[in-house]
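Dear colleague,

Please find the structure below, together with its sequence. My notes on the charged side chains follow it.

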Amino acid sequence: MFVLELTYTAPVSAVDKELDAHVAWLDQLYAQGVVIASGRKNPRDGGVILAVADDRAAVEEIAASDPFVIAEVCEYRITEFYATKTAPALAPYRQELP
């Protein structure tokens with residue numbers, strides 16, 4: 001599992017111009033089962049996405065396709081972790097340590 005932390009590199013006004021495209025991009029990832037949670041940070045200087053993928057390279061490719069990245073209004077920090085314990089609703093995403 002991966003935590004994708006977005007940090008805005010442009011004023012929020014520039015981010016807002018790309019917001020509809022970013023949300024549509026997220027909607028596609030939700031439909032594919034890749035993203036299981038997302039939202040803005042508070043204060044609003046970026047966001048967080050919780051994603052499921054086979055490997056880091058796949059997640060890096062996904063992040064590179066974000067309209068925010070294409071418009072150069074954010075950068076990503078990607079952290080991989082093993083979800084060995086979850087809430088019951090997230091049980092399908094539990095992982096074993098390698």
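Arginine 56 and glutamate 60 both belong to helix α3 (residues 56-64), where 4 residues, or about one helical turn, separate them. In this predicted model, their side chains form a salt bridge with an N to O distance of 3.0 Å. Arginine 56 is partly exposed, at 34% relative accessibility, and glutamate 60 is also classed as partly exposed, at 40%.

A further group of charged residues is linked through shared partners: Glu5, Lys41, Asp45 and Arg77 are joined by salt bridges into one network. Within this network, lysine 41 pairs with glutamate 5, and their closest N and O atoms lie 2.9 Å apart. Glutamate 5 sits in strand β1 (residues 2-8), whereas lysine 41 is found in the loop between β2 (35-40) and β3 (46-51); the salt bridge therefore ties together parts that are 36 residues apart in sequence.

Lysine 41 also forms a salt bridge with aspartate 45, for which the closest N and O atoms are 3.6 Å apart.

The accessibility of these residues may be of interest to you. Lysine 41 counts as buried because its relative accessibility is 18%, and the cut-off for buried is under 20%. Glutamate 5, at 24%, is partly exposed, and aspartate 45 is likewise partly exposed, with a relative accessible area of 37%.

In total, the search of the whole structure found 5 salt bridges, including the pairs arginine 56 with glutamate 60, lysine 41 with glutamate 5, and aspartate 45 with lysine 41.

With kind regards

Key
Residues are numbered from 1 along each chain as its sequence is written. This is a predicted model: local features need pLDDT of at least 70, side-chain atom pairs count only at pLDDT 80 or more; totals for chains, interfaces and linings use all residues. Side-chain values use heavy atoms; hydrogens and water are left out. A salt bridge is a side-chain nitrogen of Lys or Arg within 4 Å of a carboxyl oxygen of Asp or Glu. Helices (H or I, at least four residues) and strands (E, at least two) are DSSP runs, numbered from the N terminus. Buried means under 20% relative accessible area, exposed over 50%, partly exposed in between (1.4 Å probe, protein chains only).
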